[in-house]
Amino acid sequence: HCTITPNLHCPHILLTTKISERQHKHALVLGAGALGSYVIDQLAKAGVGRLTVVDPDNLSPANIGRHILGAESVFQHKAEYLVRRVALSNPSVQLIP
């Protein structure tokens, strides 16, 4: 039997509340490089509702091994291509390059 207030006996209510709270959050990520690309992906998977990605650079071939984007994204604008990739697996997240 569950009450309206989240408690240890009703973990699904607590989980739902936390996810709902994250959906109303906005994160600004400066840099979509090797570290930033994984941060953006994890924030989207965690349910953050809105992500703004700022990075003026293009992806260089030397960074492919450390980056979430693949070889098809070499010489392309990192922020734009990363937003497209993350949106494919997280359609409910608003992503802004």
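There are three salt bridges in this structure, which is a predicted model, and I would like to go through each of them in turn before moving on to helix H2 and to His67.

Let me take Asp41 and Lys45 to begin with, whose side chains meet in a salt bridge with an N to O distance of 3.1 Å. Both residues belong to helix H2, which covers residues 34-46, and they are four residues apart, about one turn of the helix. Their surroundings can be set side by side: Lys45 counts as exposed because its relative accessibility is 53%, over the 50% cut-off, whereas Asp41, with a relative accessible area of 5%, is buried.

Asp41 also forms a salt bridge with Arg85, and here the closest N and O atoms are 3.9 Å apart. Since Asp41 sits in helix H2 and Arg85 in helix H3, this pair ties together parts that are 44 residues apart in sequence. Arg85 itself is partly exposed, at a relative accessible area of 34%. Taken together, Asp41, Lys45 and Arg85 are linked in a network of salt bridges.

That leaves Asp55 and Lys78, which form a salt bridge whose closest N and O atoms lie 3.5 Å from each other. This pair, too, links distant parts of the chain, with Asp55 in the loop between S2 and H3 and Lys78 in helix H3, 23 residues apart. Are these two partners buried or exposed? Asp55 is buried, with a relative accessible area of 10%, and Lys78 also counts as buried, at 8% relative accessibility.

Now to helix H2 as a whole. H2 has 13 residues and reaches 19 Å from its first C-alpha to its last, which is close to the 18 Å expected at 1.5 Å a residue. Which residues of H2 are buried? They are Gly36, Ser37, Ile40, Asp41 and Ala44, and because these residues cover an arc of only 135° around the axis, they are on the same side of H2. The cover over these buried residues includes strand S1, residues 26-30, together with S2 and H3. On the face turned away from the buried side, H2 carries the exposed residues Leu35 and Lys45. After H2 comes Gly47, which has a positive phi, near 100°.

One of the buried residues of H2, Ser37, brings us to His67, because Ser37 is among the residues that His67 touches, not counting residues up to four places away in sequence. The others in that set are Ala32, Gly33, Ala34, Tyr38, Leu59 and Lys78, so Lys78, which we met as the salt-bridge partner of Asp55, appears here again. His67 is found in the loop between strand S2, residues 50-54, and helix H3, residues 78-89. With a relative accessibility of 5%, His67 counts as buried, and its side chain reaches the backbone oxygen of Ala32 at 2.6 Å.

Finally, a word on confidence. The chain has a mean pLDDT of 82, and 79% of its residues reach 70 or more. Among the elements of the chain, S2 has the highest mean pLDDT, 93, while helix H1, residues 11-23, has the lowest, 60. Over residues 1-7 the pLDDT is below 50, and this stretch has 11 contacts in the model beyond near neighbours in sequence.

Technical notes
Residues numbered from 1 in each chain as written. Predicted model: local features only at pLDDT ≥ 70, side-chain atom pairs only at ≥ 80, totals over all residues. Heavy atoms only, no water. Helix = DSSP H or I, 4+ residues; strand = E, 2+ residues; numbered from the N terminus. Buried < 20%, exposed > 50% of the residue type's maximum accessible area, 1.4 Å probe, protein only. Polar contact = N/O pair within 3.5 Å; in protein donor to acceptor, adjacent residues only side chain to side chain. Contact = heavy atoms within 4.5 Å. Salt bridge = Lys/Arg side-chain N within 4 Å of Asp/Glu carboxyl O. pLDDT = per-residue confidence, 0-100. Expected span 1.5 Å × (residues − 1). Arc of directions from axis to C-beta.
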